[in-house]
Structure formats: structure tokens, C-alpha cells
Amino acid sequence: MARSRTETVILYAVVIAVIIVLVFPLYWMINTSLAPATQLRRFPPVFVQPEPTFAAYESIFAERPIGVWLRNSAVVAVASTALSMFVSVLAGYSISRIRARGSQAIGLFFLMSRMLPSTLIIIPLFVSFRQLQLIGDLKSLVLAHATFITPFAVWMLKGYFDTIPAELEDAAMIDGCTPLTALLRVVLPLSAPGLAATTLYGFVLSWNDFVFARTFLVANQKAWTVNVGVASLKGEYLTEWNVIMAGSLIAMLPIVLAYLFLERFLVSGLTAGSSK
Amino acid sequence: MTSGIIGQDDPARRPFNGGAPRWSLWQPGNRHIFAYLLLLPAVLLTAAIIVYPIVSAIDLSFQKIKIAKLGRSRAPWTLANYEELFLSAEFYQAIWVTISLVATVTILSYVIGLATAVMVNQRFAGRKLARVLVAVPWAVPSVMAAIIWWWLFDSSFGLINWALVRSGLSSEMIPWLSTPGAAFFVIVVVMVWKGYPFISVIMLAGLQSIPLELYDAAKVDGANAWHRFRFITLPGLRSVRGIALILIMLWVFRDFPIIYILTGGGPQRTTQTLAIMTYQEAFKFHDFGFAAAIGVITLVISVIASWFMVRRTDEPLY
């Protein structure tokens with residue numbers, strides 16, 4: 001279908017205008033992070049930095065323990081994802097392949113658990129962790145994050161295993177594999193892209209958490225994750241927006257990169273368990 | 001189990017020692033045991049970190065208990081928290097805020113998400129880049145989305161206030177986050193900005209599944225652009241629309257970071273949803289029993305909503 005020249009011009013104008021409006025907040029974030037502090041308490045605002053400065057980035061590394069915060073976020077994300085992936089791979093495979101009494105109900109339970117309000121589950125978890133003296137400890141976050149990574153991972157992996165033909169395992173078993181070795185040697189290597197995507201998304205979910213980190217770790221600044229740390233920069237008597245924006249950009253960079261890889265998996269993964 | 005008999009006497013499956021077949025986990029008749037063993041770690045983990053906490057939250061909601069007494073002894077069983085809740089104006093206000101927020105954000109995200117999906121589904125040079133850019137806010141973590149907009153809506157040096165005053169739309173700087181109504185508006189803006197790309201990405205997948213021949217045929221029959229949208233595009237998206245809407249509603253319903261960072265539920269509780277109220281009652285006012293009661297109600301609502309989502313499944317889960 002050919003478009004007339006006017007239609008093409010209008011289309012491009014609309015596309016560009018819409019994208020500018022939607023992406024502008026991110027541009028403004030970058031622009032602010034490169035501004036000298038004094039500029040941000042003056043009008044008119046500067047839309048393009050004549051002399052961009054990395055002072056805000058230097059300041060956040062020099063004056064705030066953002067390195068420690070980043071490391072905490074990474075440690076928790078790796079540990080909670082590893083824990084969740086271990087149990088989810090096995091469970092997802094079981095639900096995908098074997099019809100056993102009750103396993104459908106268990107699958108349904110995981111599906112519904114994805115919708116659990118974190119503001120509810122955090123209350124009893126806080127009580128338990130206080131008894132176990134885990135408050136202020138990163139271990140509390142590892143367990144808390146598994147509450148939302150596991151249900152998600154089970155379903156994303158189940159969906160992925162569903163796409164691998166069962167005939168491959170049957171053939172492997174005729175060749176002498178047990179069902180367990182067939183899973184480990186045949187199914188898992190074939191599922192590598194799905195495993196990678198689920199692992200990466202588990203990492204993203206953990207990294208993005210705010211409610212658990214803020215509640216369990218608030219009293220122990222050394223254990224803060226980067227989200228809690230960056231959010232804490234506001235609320236002091238003078239807000240250095242360039243420093244906050246620099247911190248926010250550093251904190252979200254790994255997540256934005258992860259999404260570039262994840263997008264096509266997420267459409268099917270997020271809607272798993274419902275009609276396509 | 002019914003699947004076991006076939007193949008049980010298959011010679012290839014007999015133990016190599018040639019004796020009578022010994023019990024083995026790998027016999028087809030024991031496949032269900034293998035299934036349970038695979039499920040076991042996940043079941044044990046979730047029993048400890050999901051099921052037990054839910055049960056103890058329900059238990060807490062029937063106790064009048066403050067933070068100091070937690071874990072020491074069980075307070076007597078009482079309906080007091082629920083009675084207090086159903087008599088408090090604050091609870092009904094939170095329900096109203098939750099409903100308005102869910103409805104507003106869902107409708108706006110749907111309209112913008114659908115419009116952007118239709119836009120980047122057109123054929124033009126640079127379409128791939130446009131698709132990525134339209135979806136970008138999706139990748140921004142909620143905490144960072146809240147912080148970016150906080151700065152844009154800042155009452156003293158925010159860009160939005162500057163633009164409003166400069167253009168003459170407002171005579172003074174608006175203290176957005178401390179003004180009822182305005183604060184709600186800011187929350188809506190942040191949530192729509194973070195939420196529309198999700199709808200857009202799902203709708204784009206839906207649009208790509210509509211055969212182009214339908215549009216060509218409709219053109220031949222004289223249908224205009226609106227008719228093609230109304231009678232081909234919208235019906236073609238029916239299968240993805242329900243799930244996208246339910247997921248976005250549940251996301252707004254359960255959100256914590258955006259509201260907590262921007263307003264904490266204020267001013268005058270005008271942005272206090274049920275989720276925020278649950279949190280504040282527990283961790284600001286230390287009234288754990290009362291908070292658990294609100295939380296249990298949010299759980300019931302979430303379960304009902306996700307049940308609808310599961311029920312939309314065309315095929316059984318297996």
C-alpha cells in the first residue's frame with residue numbers, strides 16, 4: 001500500500017513528536033546528571049549542557065558508598081536468583097512434562113502466587129526474620145526476593161519446556177538415559193536461551209525491589225541496596241539533583257541493558273498461564 | 001497413575017544383571033514419584049517463604065498486636081481489627097483511592113499503549129528504533145521512574161513548574177506533591193509512563209498476528225481507516241487485551257515504590273491505596289494486627305483478579 005508524500009510527512013512528525021514526549025524524562029535525567037550543581041537552582045533551565053561535567057558522578061562515588069550498595073544489590077540478586085532457579089527448573093520441568101495427581105494444583109498455586117501483594121507478605125516475613133535475627137542482614141532479602149522470583153520462574157520455564165518436543169527425551173531414554181539424565185543432558189542444554197532469559201529476569205526483579213530492602217535493611221546503611229541508597233539521597237535539607245540523577249542512572253543501567261535482551265522473552269513469559 | 005504398564009517388560013529396560021526387575025525410580029510406573037521429587041524443593045521453599053507467611057498473616061489479622069509483642073506470645077483471637085477496619089473512614093477512602101487510581105492508570109495506559117503500538121506497527125524507515133524507544137520506560141525501575149518525575153515536578157526548580165509559569169498557564173509554582181489532587185495527578189503520570197509500554201509491547205505482538213489481507217480486503221470493500229481499526233484491529237486484539245489489562249490493574253493495585261517514594265500516601269491520604277495503607281499501618285504505626293487485616297483483604301482481591309486471569313485460558317493448563 002503506497003502512502004502519499006503528505007501522509008509520510010505526517011507519520012514521521014507524529015512518530016518523532018510522540019517519542020520525544022515519552023523519552024524526554026530520560027533525556028532530562030542524563031542532562032541533569034551532567035549539570036553543575038549551581039545551575040539546577042536557577043531558571044531558565046539549560047536544555048543542552050554547554051560544558052557537561054562528571055562532577056556528580058565523582059561526587060556520588062567519593063561521598064556515598066554507592067560501590068557497596070551496588071555490590072549488595074548484585075550479591076542479593078545473584079543469590080536469590082540462583083536459589084529460585086534451582087527449585088524452579090525442577091518444578092517447571094515436572095509441571096511441563098509429567099501428569100501427576102496434585103501437580104496441576106501446585107502449578108496453579110505458583111501462578112496465583114505471582115499476584116501476591118508484597119505489602120502483605122512483608123508483614124509476616126518481618127516477624128519471622130526478626131525472630132531469626134535476620135533483619136539488617138542481606139540473607140533476609142535473598143529469601144524475600146525468592147517469594148516473587150520463584151513463582152515467575154516456574155511459569156516462564158514451564159512455558160519454555162513446553163516448546164521442546166518430548167520425543168527428544170524419549171529418544172535419549174531409549175539410548176540409556178534415565179529421566180533425570182535426559183533432563184540434565186538433553187532438555188537443559190536445549191533450553192539454554194530460556195534459562196538465560198529467566199535467570200536474567202530473576203536478576204532484574206531482585207535488583208528492582210524496593211519494599212523489602214527498604215524495610216529489612218533501613219537501619220543498617222552498610223547493607224543497603226542501590227535502590228534504597230539512591231532513594232535516600234532525597235529528603236535531606238538540600239537536594240543535589242545532579243547527584244541523584246547520576247546515582248539513578250548508574251543504578252538502572254544494568255536493568256536497561258538486561259531489557260534489551262529480554263524483551264521478546266518477556267511478552268510470552270509475562271502472559272504465561274493465560275491465553276496467548 | 002495409568003501410564004505405567006506399557007513398556008514395563010521391555011527387555012531394554014531390565015537391569016543388566018538379567019535378574020528379576022528390581023524396584024527403580026525410573027520404571028515408567030514410578031514416573032509420578034519422579035514428578036513429586038522434582039517438585040519437592042520448590043514446594044518446601046514456597047511452604048517456608050510463601051504459605052507459612054500467608055497463614056501467619058491471616059492469624060495476625062485476628063489478633064490485636066503491636067510490634068513489641070510480636071513473636072513472644074499469641075494474643076487472644078479477636079475480630080477487632082476487621083471491626084475497626086470496616087468502621088474506619090480511612091479504609092473506605094483507601095478503597096476509593098485504589099479504585100480511582102487503578103481505573104485512571106489502566107484506561108490511560110491502554111489508550112497510550114494501543115496508540116503507540118498501532119504507530120510503530122506502521123511501515124516506515126527506522127521502525128525498529130522507534131519500537132525500542134517507545135518501550136524504553138518499561139525498563140526503568142519503579143524507584144528510578146519515581147525519582148525522575150519527582151525532579152520534573154519539583155516545587156522550586158522543576159521543569160514542569162517552570163514551563164507552566166513561563167507559558168502563563170499557571171501564575172505561580174505549584175507544590176505538586178503536597179497538594180491533594182495534584183499529588184494524585186503526579187502518581188497517575190508516573191504510573192502511566194511506566195505502565196503504557198507494557199500494554200504497547202503486548203498489543204504490538206497482537207497486531208502482528210492480524211493478517212494483512214484483512215485490511216486489504218476491507219479497503220477494496222471501501223472501509224475507511226476508522227472502520228478498519230474498529231472492525232479489524234480491535235477485534236483482532238481481543239485475545240491479548242484481557243490479559244494485558246488484568247496485569248496492569250494488578251500492578252497498580254499492588255504498587256509500593258512509586259507512591260511511597262513520591263507521597264507516602266499523602267497529602268491527607270489522597271494517594272493512600274490499600275497497599276500503602278497496609279504498609280504504613282505496619283511499619284509507621286506498628287499496628288501489625290490491623291495492617292495484616294488490610295493486607296488479607298488486598299490478598300483476597302488479588303486472588304479473585306488473578307483467578308479471572310487464569311479462567312480466561314482458552315486451553316487447560318496442560
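**Domain contact in chain A and a helix pair in chain B**

The domain assignment, which is automatic or from a database, splits chain A into domain 1 (5-57) and domain 2 (64-270). This is a predicted model, in which local features need pLDDT of at least 70, side-chain atom pairs count only at pLDDT 80 or more, and totals for chains, interfaces and linings use all residues. Residues are numbered from 1 along each chain as its sequence is written, and chains are lettered from A in the order in which they are written.

**Domains of chain A**

- Between domain 1 of chain A and domain 2 of chain A, the C-alpha centres are 33 Å apart.
- Domain 1 of chain A puts 9 residues into the contact and domain 2 of chain A puts in 8; residues are in contact if their C-beta atoms, placed from the backbone, lie within 7 Å.
- On the domain 1 side of chain A, two or more residues come from each of α1 (5-33) and α2 (55-63), helices being DSSP runs of H or I with at least four residues, numbered from the N terminus.
- α1(A) gives the most to that side, 4 residues.

**Helices α5 and α7 of chain B**

- α5 (residues 142-152) and α7 (residues 182-208) of chain B pack at about 130°, their axes 10 Å apart; axes are lines fitted to C-alpha atoms over the stretch in contact, and angles run from 0 to 180 degrees between N-to-C directions.
- α5(B) and α7(B) are therefore oblique to each other.
- From α5(B), the contact takes Ser142(B), Ala145(B), Ala146(B) and Trp149(B).
- From α7(B), it takes Val186(B), Val189(B), Val190(B), Trp193(B) and Lys194(B).

Technical notes. Two residues are in contact if their C-beta atoms, placed from the backbone, lie within 7 Å. Angles under 35 degrees count as roughly parallel, over 145 as roughly antiparallel, 65 to 115 as roughly perpendicular and the rest as oblique.
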